[in-house]
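Dear colleague,

I am passing on the structure we spoke about, and below it you will find an account of what came out of the analysis. Please read the notes alongside the model itself.

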Amino acid sequence: MSAAEPTIEQAKPPEKAVRLCPEKELGDDLLELAAEDDLSLIRNGNLQFWCIGDFCGTFLHQAPVGNWYVELHGDARTFEEYKRSCTAILTAFWDAQKPEIITTTVARTAKAQVFMTSLGFSTMGELFMASGDQLIMGWRKCH
């Protein structure tokens, strides 16, 4: 490696997550086909997509006002990469939308709970369902 090549530690700083606008990405006709029942939610801003690299956060505004439900998707080579990308998505969304809380549900297992806690989520409650018990977890940006 030459002196001019950056090391892993010197590589570019993490990028900021950005909001995807399906209307711009797909156009109205394709969006109508792809979104189906979610079209009005997308158009009024109650369903949003935020991404960084190969990671995406799907945010759905829910009752009560200020509560946004998130599903995080992506592949990573390491846990640190996953954590960095998810945190960037959550933080960018938080800074733009100013929610009271971001919630999600995960399988009621110790592994899922530890994993989500490592991303900054805390357990708020449980859902007992025939398909499998779920933990309700919440996230707030630390100020």
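**Two backbone outliers and a cis bond**

Lys-98 is exposed, with a relative accessible area of 62%, and in this model, which is a predicted one, its place is in the loop between H4 and E5. The phi angle of Lys-98 is near 55°, which is a positive value in a residue other than glycine. A second residue of this kind is Glu-36, whose phi is near 50° and which is likewise not a glycine. Glu-36 sits in the loop between H2 and helix H3 (39–43), and at 59% relative accessibility Glu-36 counts as exposed, because the cut-off for that class is over 50%. The backbone also holds a cis peptide bond, running from Ala-63 to Pro-64, with omega near -5°; Pro-64 belongs to the loop between E3 and E4.

**Overall build**

The chain has five helices and seven strands, and when these are read from the N terminus on, their order is β-α-α-α-β-β-β-α-β-α-β-β. Of its 143 residues, 33% count as buried. If one takes the contacts between residues at least 6 apart in sequence, 48% of them join residues at least 24 apart.

**The nonpolar cores**

In soluble globular proteins, nonpolar side chains tend to be buried together. In this model the largest nonpolar core has 25 residues, and those with the most contacts inside it are Phe-59, Val-70, Ile-89, Leu-90, Ile-102 and Phe-121. Two or more residues of this core come from each of E2, E3, strand E4 (67–73), H4, strand E5 (101–107), H5 and strand E7 (134–139), and the element that gives the most is H4, with eight residues. 

For Val-70, once its neighbours within four places in sequence are left aside, the contacts are with Gly-57, Thr-58, Phe-59, Leu-90, Ile-102, Thr-103, Thr-104 and Phe-121. Apart from the largest core lies another one, of five residues, among them Leu-31, Ala-35, Leu-39 and Leu-47.

Thr-104, one of the contacts of Val-70, is found in strand E5. Is Thr-104 buried or exposed? At 6% relative accessibility Thr-104 counts as buried, since the cut-off for that class is under 20%. Not counting residues up to four places away in sequence, Thr-104 touches Tyr-69, Val-70, Met-116, Phe-121, Leu-135, Ile-136 and Met-137. The C-alpha atoms of Thr-104 and Leu-72 are separated by 9.1 Å, although these two residues are 32 residues apart along the chain.

**Aromatic pairs**

The count of aromatic pairs comes to seven. In one of them, the rings of Phe-55 and Tyr-82 have their centres 5.3 Å apart and their planes at 75°, so the pair is edge-to-face, the cut-off for that class being over 60 degrees. Phe-55 lies in strand E3 (residues 55–62) and Tyr-82 in helix H4 (residues 79–97), so this pair ties together parts that are 27 residues apart in sequence. Both Phe-55 and Tyr-82 are buried.

The rings of Phe-79 and Phe-115 form another pair, with centres 5.5 Å apart and planes at 70°, so this one is edge-to-face as well. Here too distant parts of the chain are linked, since Phe-79 is in helix H4 and Phe-115 is in helix H5 (residues 110–118), 36 residues apart. As for accessibility, Phe-79 is partly exposed, with a relative accessible area of 34%, and Phe-115 is also partly exposed, with a relative accessible area of 27%. Besides these pairs, Trp-50, Phe-59, Trp-68 and Phe-93 form one aromatic cluster, and of these four Phe-59 was named above among the residues with the most contacts inside the largest core.

**The second largest pocket**

The second largest pocket has a volume of about 190 Å³. Its lining is made up of Leu-20, Cys-21, Pro-22, Glu-25, Leu-26, Leu-31, Ala-34, Ala-35, Asp-38, Ile-42, Leu-47 and Phe-49. Helix H1 (22–26), helix H2 (28–35) and strand E2 (47–52) each supply at least two residues of that lining. By class, the lining residues divide into ten nonpolar, no polar and two charged. Leu-31, Ala-35 and Leu-47, which are in the lining, are also among the residues of the five-residue core.

With best regards

Definitions and conventions
Residues are numbered from 1 along each chain as its sequence is written. This is a predicted model: local features need pLDDT of at least 70, side-chain atom pairs count only at pLDDT 80 or more; totals for chains, interfaces and linings use all residues. Side-chain values use heavy atoms; hydrogens and water are left out. On a 1 Å grid over the protein atoms alone, a cavity is a set of points where a 1.4 Å probe fits but cannot get out, and a pocket is an open set with protein on both sides within 12 Å along at least five of seven lines; lining residues have an atom within 4 Å of a point. Grid points are joined across faces, edges and corners, and a volume is the space filled by probe spheres set on the points. Helices (H or I, at least four residues) and strands (E, at least two) are DSSP runs, numbered from the N terminus. Ala, Val, Leu, Ile, Met, Phe, Trp, Tyr, Cys and Pro count as nonpolar, Asp, Glu, Lys and Arg as charged, and the others, Gly among them, as polar. Rings of Phe, Tyr and Trp (its six-membered ring) pair if their centres lie within 6.5 Å; planes under 30 degrees apart count as stacked, over 60 as edge-to-face and the rest as tilted. Buried means under 20% relative accessible area, exposed over 50%, partly exposed in between (1.4 Å probe, protein chains only). A nonpolar core is a set of buried Ala, Val, Leu, Ile, Met, Phe, Trp, Tyr and Cys residues joined through side-chain atoms within 4.5 Å. Contact means heavy atoms within 4.5 Å.
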